[in-house]
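Here are my notes for going through this model together. Keep the structure open while you read and check each point as you go.

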Amino acid sequence: MRIRLVATTAVAAGALTALSAVPAQAAEYNSALKIRGIQYDAPGSDSNRCSGGNTAEEYLTIKNYSRSTTVNLKGYVVKDAAGNTFTFTASHTLQPGDYVKLRGGNGSDSDTNNVVYRDNCNFMWNNDKDTIYVYKPSGSRADVHSYTRSGSDPDHNGYITYHG
């Protein structure tokens, strides 16, 4: 009887350890829209000036991974761990397999060029670590990923790929 109790306790402890070791960003969400990658550190020295700065070189790529569903980004929300938020307020349609780059800085949004600008010259993503959240218009989570420069970007080029 005691051997069975010890074995059961050991199995339960192992299961709890395995569950607690799974990072939050490893969860898969039921969403066609997912984070494909992030250029979290713009090349060169960071300069968030609207004129001559490089915030447009920092971007998040969001892709429609559906094989048959077209997604309109209007109402989707992108946030970071500090609560910096961007809401897609205009219609921007992603066909299956299509993507959009959400860039910092100012510019002209374009379905043709797959780009939307945040119209904000401040950097959104931290260069050392951050968490990226994408929410559906309903408020439910579409995708989330965390990164650290040392753990997620071994070549230190400032770009991380998530869903291929």
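Which residue stands opposite Gly 37 in β2? Point 3 has the answer, but let's begin with what kind of model this is.

1. **What you are looking at.** This is a predicted model, where local features need pLDDT of at least 70, side-chain atom pairs count only at pLDDT 80 or more, and totals for chains, interfaces and linings use all residues. Residues are numbered from 1 along each chain as its sequence is written, and side-chain values use heavy atoms, with hydrogens and water left out.

2. **How far to trust it.** Your guide here is pLDDT, the predictor's confidence in each residue, from 0 to 100. The chain averages 84, and 82% of the residues score at least 70. Residues 1–26 are another story: their pLDDT is below 50, and beyond near neighbours in sequence this stretch has four contacts in the model (a contact means heavy atoms within 4.5 Å). Where pLDDT is low, the predicted coordinates should not be read in detail.

3. **The strand pair to find.** Strand β1 (residues 33–39) runs antiparallel to strand β2 (residues 59–64), and six bridges connect them. Within this pair, Gly 37 faces Thr 61 of β2, so there is your answer: Thr 61. Two strands count as paired if DSSP finds at least two bridges between them. Strands of a sheet pair through backbone hydrogen bonds, either parallel or antiparallel.

4. **The sheet around it.** β1 and β2 belong to an open sheet of five strands, ordered β8-β7-β2-β1-β11, with mixed pairing. At the edges sit β8 (115–117) and β11 (159–161), each pairing on one side only. Neighbouring strands of this sheet are turned by 25° against each other on average, direction ignored. For that angle, axes are lines fitted to C-alpha atoms (for helices over the stretch in contact), and angles run from 0 to 180 degrees between N-to-C directions.

5. **The whole chain.** Count along and you should get two helices and eleven strands. Both are DSSP runs numbered from the N terminus: helices are H or I with at least four residues, strands are E with at least two. The order from the N terminus is α-β-β-β-β-β-β-β-β-β-β-α-β. Of the chain's 164 residues, 38% are buried (buried means under 20% relative accessible area, exposed over 50%, partly exposed in between, with a 1.4 Å probe and protein chains only).

6. **The disulfide.** How many disulfides does a search of the whole structure find? Just one, given that a disulfide is a pair of cysteine sulfur atoms within 2.5 Å. Cys 50 is joined to Cys 121, with S to S at 2.1 Å, and the link is right-handed, with 120° about the S-S bond. The two cysteines are 71 residues apart: Cys 50 is in the loop between β1 and β2, Cys 121 in the loop between β8 and β9 (129–135). Cys 50 is exposed at 59% relative accessibility, whereas Cys 121 is buried at 7%.

7. **Two backbone oddities.** Asn 114 is not a glycine, yet its phi is positive, about 55°. You'll find Asn 114 in the loop between β7 (99–103) and β8, buried, with a relative accessible area of 12%. His 156 also has a positive phi, near 55°. The loop between α2 (149–152) and β11 holds His 156, which is partly exposed at 47% relative accessibility.
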